[in-house]
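Here is a set of questions and answers for reading a protein structure step by step. Please keep the sequence and the 3D view at hand while you follow them.

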Amino acid sequence: QVQLVESGGGLVQPGGSLRLSCVASGSIFRISNMAWYRQAPGKERELVADITGGGSTDYADSVKGRFTIARDNAKKLLYLQMNSLKPEDTAVYYCNAKVVVHGTLYLSDYWGQGTRVTVSS
């Protein structure tokens, strides 16, 4: 019913930048909060940043001042601008959205398939 597709991952040197994108499609009535999560090898998935429908944002301490989350509600797009990347940012990054599907009255959680970010020299 709802698909989230991420793009923009890749290999980057320490100190470099990447911009991740996520587009939502399907039977969407309304999107509430959206977020980026990441999962490094051998570690649990963790919240990186989230953004409300009104644009309020929150960040994990480890990325504050380096990452910026943004969204385009009209185009159903979510972004993550990542600057000053460090090797410890290496992970698979996942897009998450809380969506009210057409014909329902409740929020459901949806995830993208993930995009890999590798920070290495």
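Q: How many salt bridges does a search of the whole structure find?
A: The model shown here is a predicted one, and side-chain atom pairs are counted only at pLDDT 80 or more. A salt bridge needs a side-chain nitrogen of Lys or Arg within 4 Å of a carboxyl oxygen of Asp or Glu. With that cut-off applied to the whole structure, the number of salt bridges found is five.

Q: Which residue forms a salt bridge with Glu 46, the closest N and O atoms being 2.7 Å apart?
A: Glu 46 has a relative accessibility of 35% and therefore counts as partly exposed. Its partner, in contrast, has a relative accessible area of 5% and is buried. The residue that forms this salt bridge with Glu 46 is Arg 38.

Q: Which residues are linked with Arg 38 in a network of salt bridges?
A: Arg 38 has its place in strand E4, which covers residues 28-39. The salt bridge to Glu 46 is one part of the network, and the side chain of Arg 38 also joins that of Asp 89 in a polar contact of 3.0 Å. The residues linked with Arg 38 in the network are Glu 46, Arg 66 and Asp 89.

Q: With the side chain of which residue does the side chain of Arg 38 make a polar contact of 2.9 Å?
A: Leaving aside residues up to four places away in sequence, Arg 38 touches a list of residues that includes Val 48, Ser 62, Phe 67, Ala 91 and Tyr 93. One of the residues touched by Arg 38 also meets it through a polar contact between side chains, at 2.9 Å, and this residue is Tyr 93.

Q: Is Asp 61, which forms a salt bridge with Lys 64, buried or exposed?
A: In this salt bridge the closest N and O atoms of Asp 61 and Lys 64 are 3.2 Å apart. Lys 64 has a relative accessibility of 48% and counts as partly exposed. A residue is called exposed when its relative accessible area is over 50%, and Asp 61, with a value of 66%, is exposed.

Q: How many residues apart in sequence are the parts tied together by Lys 98 and Asp 109?
A: The side chains of Lys 98 and Asp 109 meet in a salt bridge, with a distance of 3.2 Å from N to O. Lys 98 lies in strand E9 (residues 91-101) and Asp 109 lies in strand E10 (residues 107-111), so the parts that this pair ties together are apart in sequence by 11 residues.

Q: Which residues make up the covered face of strand E11?
A: In a regular strand the side chains alternate between the two faces of the sheet. Strand E11 spans residues 115-119, and its uncovered face holds Arg 116 and Thr 118. The covered face of E11 is made up of Thr 115, Val 117 and Val 119.

Q: Which residue in E11 is the bridge partner of Gly 10?
A: Strand E2 (residues 10-12) and E11 run parallel and are joined by three bridges. E11 also pairs with E9, here in the antiparallel sense and over three bridges, with Tyr 93 standing opposite Thr 115. On the side of E2, the partner of Gly 10 in E11 is Val 117.

Q: What is the radius of gyration of the protein?
A: The protein has zero helices and 11 strands. The globule rule gives 14 Å for 121 residues, and the value for this protein is close to that, so the protein is as compact as a globular protein of that length, with a radius of gyration of 14 Å.

Q: Which residue in the loop between strand E7 and strand E8 has a positive phi near 55°?
A: Most residues other than glycine have a negative phi, and most peptide bonds are trans. Ser 84, in the loop between E8 and E9, has a positive phi of about 50° although it is not a glycine. In the loop between strand E7 (67-72) and strand E8 (77-82), the residue other than glycine with a positive phi near 55° is Lys 76.

Technical notes:
Residues numbered from 1 in each chain as written. Predicted model: local features only at pLDDT ≥ 70, side-chain atom pairs only at ≥ 80, totals over all residues. Heavy atoms only, no water. Buried < 20%, exposed > 50% of the residue type's maximum accessible area, 1.4 Å probe, protein only. Helix = DSSP H or I, 4+ residues; strand = E, 2+ residues; numbered from the N terminus. Polar contact = N/O pair within 3.5 Å; in protein donor to acceptor, adjacent residues only side chain to side chain. Contact = heavy atoms within 4.5 Å. Pairing = 2+ DSSP bridges. Rg over C-alpha atoms; globule rule 2.2 N^0.38 Å.
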